[in-house]
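Let's read a structure together, one feature at a time. Have the model open beside you as we go.

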Amino acid sequence: MEDDRTRFAELFRRHYGPVMRYAARRVGRERAPDIVSETFLVAWRRLPDVPVTDPLPWLYATTRHLIGNEIRGRDRQARLTTRLGQVVETVAADHADAVVDQVRVHRAMAQLSEADQEALRLATWEGLDATAAATVLGCSRAAYKVRLFRARRRLAAALEPAPTRRPADAALSPLANEGGS
């Protein structure tokens, strides 16, 4: 039992920060401590299942599942609120508005599917290698690498500026087809 406590204390000490950052980027700083507490509670209860050599992907996967539960709970709450006819205003300060590049990336990420976003986050923000990220997502390393390649391609396309036409060009384009040359 003492070995379990020592192992858990070391697990908590080494991985609390990365797991907290992972959760905060997904559910916000207000909700992240609760999610992380639940993650380490699950880790304590299932300590024999936690890999000894590289526990971080396991902790991320557990956190990801708990966040999914959180999101489903929020969705249920929103449906209930709608049914009751109440309006709940959610105000979230977005400090990224001051930085144009951050806004562009945020908007481009929002255009991607949740699966694409998660593949990119695991590689970029969490700094996981393909093997660890595949463990978090519950897929093979090869499948993750394909997902990441496709997600990067879709993100690049979303970041491309949309072609713009000047209003005068748009007004003249019907005339260009008339007159037959």
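Q: Let me start with one element. Which residues of helix 4 are buried?

A: This is a predicted model, so each value here is computed from its coordinates. Burial is judged by relative accessible area, with under 20% counting as buried. In helix 4 the buried residues are V103, A108 and M109. What covers the buried residues of helix 4 includes helix 5 (114-124) and helix 7 (141-159).

Q: Why does the length of helix 4 agree with its number of residues?

A: The idea is to compare an expected span with the distance between the end C-alpha atoms. Helix 4 covers residues 100-111, which is 12 residues, and at 1.5 Å a residue it should span 16 Å. The end C-alpha atoms of helix 4 are 17 Å apart, so the two values agree.

Q: Let's step back to the whole chain. How many helices and strands does the protein chain have?

A: The chain has eight helices and zero strands. Read from the N terminus, the order of elements is α-α-α-α-α-α-α-α. Of its 181 residues, 31% count as buried.

Q: What share of the contacts in the protein chain join residues at least 24 apart?

A: Here one takes the contacts between residues at least 6 apart in sequence, and 62% of these join residues at least 24 apart. F8 and F40 give a concrete case: they are 32 residues apart along the chain, and their C-alpha atoms are separated by 8.8 Å.

Q: Is F8 buried or exposed?

A: F8 has a relative accessible area of 17%, and therefore counts as buried. This residue lies in helix 1 (residues 2-27). Leaving aside residues up to four places away in sequence, F8 touches F40, A43, W44 and L47.

Q: How do helix 1 and helix 2 pack, in angle and distance?

A: Two packed helices are described by the angle between their axes and the distance between the axes. For helix 1 and helix 2 (residues 32-45), the angle is about 145 degrees and the axes are 9 Å apart. The crossing of the two is right-handed. From helix 1, the residues making the contact include F8, L11, F12, Y16 and V19, and from helix 2 they include I35, V36, F40 and W44. By type, the residues of this contact divide into 16 nonpolar, two polar and two charged.

Q: I also see P33 in helix 2. What accessibility does P33 have?

A: P33 has 32% relative accessibility, so it counts as partly exposed. P33 and M20 are 13 residues apart in sequence, and 6.8 Å separates them from C-alpha to C-alpha.

Q: Now for the charged side chains. How many salt bridges are found in the whole structure?

A: The search finds 12 salt bridges. In one of them E126 pairs with R25, the closest N and O atoms being 2.7 Å apart. E126 lies in the loop between helix 5 and helix 6 (130-137), whereas R25 is in helix 1, so this pair ties together parts that are 101 residues apart in sequence.

Q: Which other salt bridge does E126 form with helix 1?

A: E126 also meets R26 in a salt bridge, at 3.0 Å from N to O. R26 lies in helix 1, so this pair ties together parts that are 100 residues apart in sequence. Accessibility adds to the picture: E126 is buried at 10%, R26 is buried at 17%, and R25 is partly exposed at 32%.

Q: Which residues are linked in a network of salt bridges?

A: The network links R25, R26, R64, E114, E118, R121 and E126. Another salt bridge joins R46 and D49, at 3.0 Å from N to O. R46 is partly exposed at 40%, and D49 is partly exposed at 43%.

Q: One last element. Why is helix 6 described as largely enclosed?

A: Counting its buried residues gives the reason. Six of the eight residues of helix 6 are buried, so the rest of the structure largely encloses it. The buried residues are A130, A132, A133, A134, V136 and L137. Just after helix 6 comes G138, whose phi is positive, near 75 degrees.

Conventions. Residues numbered from 1 in each chain as written. Predicted model: local features only at pLDDT ≥ 70, side-chain atom pairs only at ≥ 80, totals over all residues. Heavy atoms only, no water. Helix = DSSP H or I, 4+ residues; strand = E, 2+ residues; numbered from the N terminus. Expected span 1.5 Å × (residues − 1). Buried < 20%, exposed > 50% of the residue type's maximum accessible area, 1.4 Å probe, protein only. Contact = heavy atoms within 4.5 Å. Axes fitted to C-alpha atoms, helices over the stretch in contact; angles between N-to-C directions. Left-handed = near helix turned anticlockwise from the far one by under 90°. Nonpolar A, V, L, I, M, F, W, Y, C, P; charged D, E, K, R; others polar. Salt bridge = Lys/Arg side-chain N within 4 Å of Asp/Glu carboxyl O.
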